[in-house]
Amino acid sequence: MPLSASVTSTHNHDLEGADVLVLYGITGDLAKKMLLPALYRLTERGMLKVPVVGVAYSDFDDEALRAHARQSVIDAGYTIDEKVFKKFAAGLSIVTGDFTDPAIYAKVGKAIAGKGFAAHYLAIPPSLFDKVAAGLAEAGLNKNARLIVEKPFGHDLASARELEAVLEQYFDRDHLLRVDHFLGDESVEGLGTFRFANTLLAPVWDRSYIDNVQITLAEDFDVADRGSFYDAVGCLRDVVQNHLFQVMTLLAMDAPTVGDAQAQSLEKWRLLHSVRTIDPADVVRGQYEGYLDVKGVKKGSHTETYIALRLWIDNWRWAGVPFYIRSGKALAVTATEVCVQLRRPPSELFRGLAADVPPNLIRIRLEPGAGIAFELMARRGERGQLPVAFPMGIDFEKVLGGQAKPYENILFAAIVGDSSGFAFFPAIEESWRIVGDILKATKPTVYKSGSWGPEAAAKLPGADGWHDPAGELLEEPQIEDGTPAAKGATMKK
């Protein structure tokens, strides 16, 4: 997908455009690593046209904030263009104080007075969401404004509903947006284009031709210095219930009847509403060796650093087709990839056993190195040999250019008023319902760092097993004489 495909999309912006962005937690870790670099990049592209007022419990003044923003951009790996940064910095200012003190909202009101419609973006801990929303309402700052909150949105169905009810006391549902940064990822958004812009795929995208669907988010690094945070969340809540369910929904939903954000949200809800609540018997939990020694991790913790699960979608398109989702830390590679396994042909041309022929695979790499590869069967030169899987594919970045980072798209959508870049609350409810029976931590199986997780998980997808992503999508298969390419192999550049 081209670099600015999302931020210059033809979506009709269904909400009011903002005249000022108010960023709460502007001196925090998320702002430093993601939000400030994203705002700089939007400035570079001429897309940030509103001032940014930061709010933080800090001793920063405007100049200190601008110096902090410069360092954030440098640390993110960008080379500073002084002209661009000067323009960015000119629109940056800060209001400081305690989020629980009503006085800070009076200061915010003064800072944005006369600036028009405000987008209040909460890059702060969820425990403060209700306090900031209430403070804004008491100061009258919930009028002519919307509220954008970061994940996590609750820790189960009941807490998500409770948080929604509290926030809706101060901002109605049309003025409340919930961030899931996978919805700002152009590779994830591109799944919809892949599904619905290619007539070639439409006839085979159902239970008649697809055997199973596998979604993998693997990381080859551990939790590092984030032990306290991670131990309270775990893999299921951190990336599966939100991010990977978004991927599954885009892969499996029906096409919206019209091209607006509400229609897409309703189709996502319909799909998730058809997903069975996951049976604990369809789940494997793991914990990498050494996790219990990480600073901040509770003694004897059962928090999973790996989870694999099987789920079922009870609708006409997908009945009987298992979807497998797995994610984990300290695995063999870092990759987020979808693998769609097609059914084998009902043929006895090859030694009389169709099962000897590898299945066709469609691999959709989301990161790193977004692209698509098809693993198709072709005959080798020798007579009597089985067909061999030969991959062919496209590296999107090489063909179409670089991609905007997710937070560039999210911040732009928050400013211009495009709700399609945010999570739909009824869909969030369904996501929590789906995982409701597996949220309680059970003792995980220990696995070695650098592996693909617990051995029990390898058996979850049945005889064909997992189709492991390689380090890069387009790598050459290693085919020994007379032997089909190894499962999971792809073309080397």
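The questions and answers below concern a predicted model, and they move from its nonpolar cores to one enclosed helix and two single residues.

Q: Which helix gives the most residues to the largest nonpolar core?
A: The largest nonpolar core has 98 residues, and those with the most contacts inside it are Tyr-24 and Met-248. A second, separate core of 44 residues includes Tyr-40, Ile-94, Ala-119 and Leu-411. In the largest core, the greatest share, 12 residues, comes from the helix spanning residues 227–252, which is H8.

Q: With which residues is Met-248 in contact, leaving aside its neighbours within four places in sequence?
A: Met-248 is one of the two residues named as having the most contacts inside the largest nonpolar core. Once the neighbours within four places in sequence are set aside, the residues in contact with Met-248 are Ile-215, Leu-271, Leu-272, Val-275, Leu-311, Phe-323 and Ile-325.

Q: Is helix H12 largely enclosed by the rest of the structure or largely open, and how many of its residues are buried?
A: The buried residues of H12 include charged ones, Glu-429 and Glu-430, as well as Phe-425, Ile-428 and Trp-432. What covers the buried residues includes helix H6, strand S6, H8 and helix H9. Helix H12 is therefore largely enclosed by the rest of the structure, since of its 10 residues the number buried is nine.

Q: How is H6 oriented relative to H12?
A: The axes of these two helices come within 9 Å, and they cross at roughly 160 degrees. Because angles over 145 degrees count as roughly antiparallel, the orientation of H6 relative to H12 is roughly antiparallel.

Q: Which residues make the contact between H6 and H12, and what are their classes?
A: From H6 the contact draws on Leu-157, Ala-160, Arg-161 and Glu-164, while H12 supplies Phe-425, Glu-429, Trp-432 and Arg-433. Sorted by class, these residues are four nonpolar, no polar and four charged.

Q: Which side chain is joined to that of Arg-310 by a polar contact of 2.8 Å?
A: Arg-310 lies in strand S9, residues 306–312, and its contacts beyond four places in sequence are with Ile-278, Asp-282, Pro-322, Phe-323, Tyr-324 and Leu-460. For Leu-460, the backbone oxygen lies 2.9 Å from a polar atom of the Arg-310 side chain. The side chain joined to that of Arg-310 at 2.8 Å belongs to Asp-282.

Q: What is the relative accessible area of Met-392?
A: Met-392 lies in strand S14, residues 388–395, and its C-alpha atom is separated by 59 Å from that of Ala-106, 286 residues apart along the chain. Since buried means under 20% and exposed over 50%, Met-392 counts as partly exposed, with a relative accessible area of 45%.

Key: Residues numbered from 1 in each chain as written. Predicted model: local features only at pLDDT ≥ 70, side-chain atom pairs only at ≥ 80, totals over all residues. Heavy atoms only, no water. Core = buried A, V, L, I, M, F, W, Y, C linked by side-chain atoms within 4.5 Å. Buried < 20%, exposed > 50% of the residue type's maximum accessible area, 1.4 Å probe, protein only. Helix = DSSP H or I, 4+ residues; strand = E, 2+ residues; numbered from the N terminus. Contact = heavy atoms within 4.5 Å. Axes fitted to C-alpha atoms, helices over the stretch in contact; angles between N-to-C directions. Parallel < 35°, antiparallel > 145°, perpendicular 65-115°, else oblique. Polar contact = N/O pair within 3.5 Å; in protein donor to acceptor, adjacent residues only side chain to side chain.
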